[in-house]
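Please read the following report alongside the sequence and the three-dimensional model, beginning with a single turn and moving outward from there.

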Amino acid sequence: MTVSLTDSTSSTSTTQKPVRAIGLLSGGLDSMLAHALIRSQGIEVRAINFYTGLCIVETQRRLGRRRRDGSIPANEALGAAANLEMDMEFIDISGPDYLHLITHPRYGYGANANPCVDCRIFMFQKAKALMEEWGASFVFTGEVLGQRPKSQRRDTLRIVERDSGLTGRLVRPLSAKLLEPTIPEIEGLLDRERLLGFSGRTRGPQMALAREMGLTEFPQPAGGCCFLTDESFGRRFHDLMARRPERNLAEEEVLLLAMGRHFRLGDSKLIVARNELESGALKRFEPGRHTIEAIGVNGPVALAEGTPDEGTRCRMSAIVARYGQGRTHATVTIEWRAPDGSSERHEVTPEREEAAIEALRI
Ligand code: SF4
């Protein structure tokens with residue numbers, strides 16, 4: 001089969017209304033290929049990208065972080081849309097409903113804090129509303145059967161389709177030939193013969209198709225762009241939820257989980273910035289928390305949550321001292337500012353025992 005980005009053998013005549021579809025464009029190669037395939041059938045596509053507030057690259061951009069080479073991290077979905085020469089809309093789904101989904105997933109978590117099945121259902125419900133509003137016939141994604149252990153199993157794909165209300169109208173063009181025909185295929189709006197039968201984790205067929213289509217720029221698969229799939233974020237998330245029977249989570253806490261080094265000392269938690277950018281960012285979260293900083297030497301800003309007792313405050317001060325320029329000094333003065341505005345100072349020996357630190361790390 002030969003397809004190209006500009007091939008637009010239309011499934012409609014000029015007098016008919018164009019066939020329309022909503023495409024989910026994550027920015028990865030699979031979603032790019034899915035868009036190219038559907039557009040190659042002359043279908044009018046509205047590409048959307050859901051902003052969850054948990055995209056690693058987007059958060060780094062917003063925090064002003066740079067790559068090792070000094071460049072600003074690029075938004076992958078925007079780059080993909082530019083390569084496909086099409087417009088793309090961001091749809092912000094961050095907020096209380098999404099946070100509730102993360103903390104109360106009906107279908108549970110993947111390997112870390114990622115409730116991918118529930119998340120997909122939530123996104124597809126939004127996509128369905130757009131489909132109906134825009135008069136589109138179906139929604140499509142770049143999902144590949146069997147590519148991910150839980151969220152892309154055959155039974156899970158069906159659950160997502162059913163629970164989002166898109167039964168028969170959710171097309172996976174890259175794996176369509178291995179799945180039941182959808183309504184647009186049955187109605188002849190979409191030519192099943194020109195869809196594909198990819199499955200599994202191998203990337204070879206996708207790479208070959210990308211070459212055939214002239215798609216040369218696409219991000220390498222690197223474990224996704226979502227904090228919820230990140231191992232250390234997942235540990236911190238589950239540590240927090242284990243201490244909250246009500247499982248509530250504020251938006252600012254999500255950002256905090258993504259920043260700094262985290263340590264658990266009893267009921268209290270210490271968050272130490274890893275660089276100047278994070279020190280600046282952590283200052284935004286001071287209200288309601290203890291702020292900890294070295295006096296007389298440069299060092300990171302740190303925050304403490306909970307009500308640490310005297311011994312815990314000393315221990316935390318020693319950890320904070322370890323990450324500043326006073327780490328080799330015999331003692332460092334650390335200042336604590338409590339949420340009520342009171343302050344105190346601790347003279348501590350910087351913690352130098354790697355194993356002791358690691359035992360507290362979340
Ligand atoms: S990786 Fe993140 S954004 Fe993607 S489906 Fe899973 S939870 Fe949702």
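Which residue takes a positive phi in the hairpin of β10 and β11? The residue is Gly341, whose phi is near 95 degrees, in a hairpin that has five residues between the strands. This is a predicted model, in which local features need pLDDT of at least 70 and side-chain atom pairs count only at pLDDT 80 or more, while totals for chains, interfaces and linings use all residues. Residues are numbered from 1 along each chain as its sequence is written.

**The sheet**

The hairpin belongs to an open sheet of six strands, ordered β6-β7-β9-β8-β10-β11 with antiparallel pairing, where strands (E, at least two residues) and helices (H or I, at least four residues) are DSSP runs numbered from the N terminus, and two strands pair if DSSP finds at least two bridges between them. The edge strands, each pairing on one side only, are β6 (261–265) and β11 (343–348), and the twist from one strand to the next averages 25 degrees. Two of the pairings are set out below.

| Strand pair | Sense | Bridges | A bridge partnership |
|---|---|---|---|
| β8 and β10 | antiparallel | five bridges | Ile295 with Thr333 of β10 |
| β10 and β11 | antiparallel | six bridges | Arg337 with Ser343 of β11 |

Helix α12 (residues 310–322) lies across β6, β7, β8, β9, β10 and β11, and runs at about 65 degrees to β11; axes here are lines fitted to C-alpha atoms, for helices over the stretch in contact, with angles from 0 to 180 degrees between N-to-C directions.

**The domains and a helix pair**

The domain assignment, which is automatic or taken from a database, gives domain 1 (20–227) and domain 2 (260–360), and their C-alpha centres lie 41 Å apart.

The axes of helix α5 (residues 116–134) and helix α6 (residues 154–163) come within 8 Å and cross at roughly 35 degrees. Val117, Arg120, Ile121 and Phe124 of α5 make the contact with Thr156, Ile159, Val160 and Asp163 of α6, two residues being in contact if their C-beta atoms, placed from the backbone, lie within 7 Å. The residues of this contact divide into five nonpolar, one polar and two charged, with Ala, Val, Leu, Ile, Met, Phe, Trp, Tyr, Cys and Pro counted as nonpolar, Asp, Glu, Lys and Arg as charged, and the others, Gly among them, as polar.

**The ligand shell**

Ten residues are around the ligand, and of these Asn114, Cys116, Cys119, Cys226 and Leu228 come nearest; a residue is near a molecule if its C-beta atom, placed from the backbone, lies within 6 Å of it. The shell around the ligand divides into five nonpolar residues, four polar and one charged.
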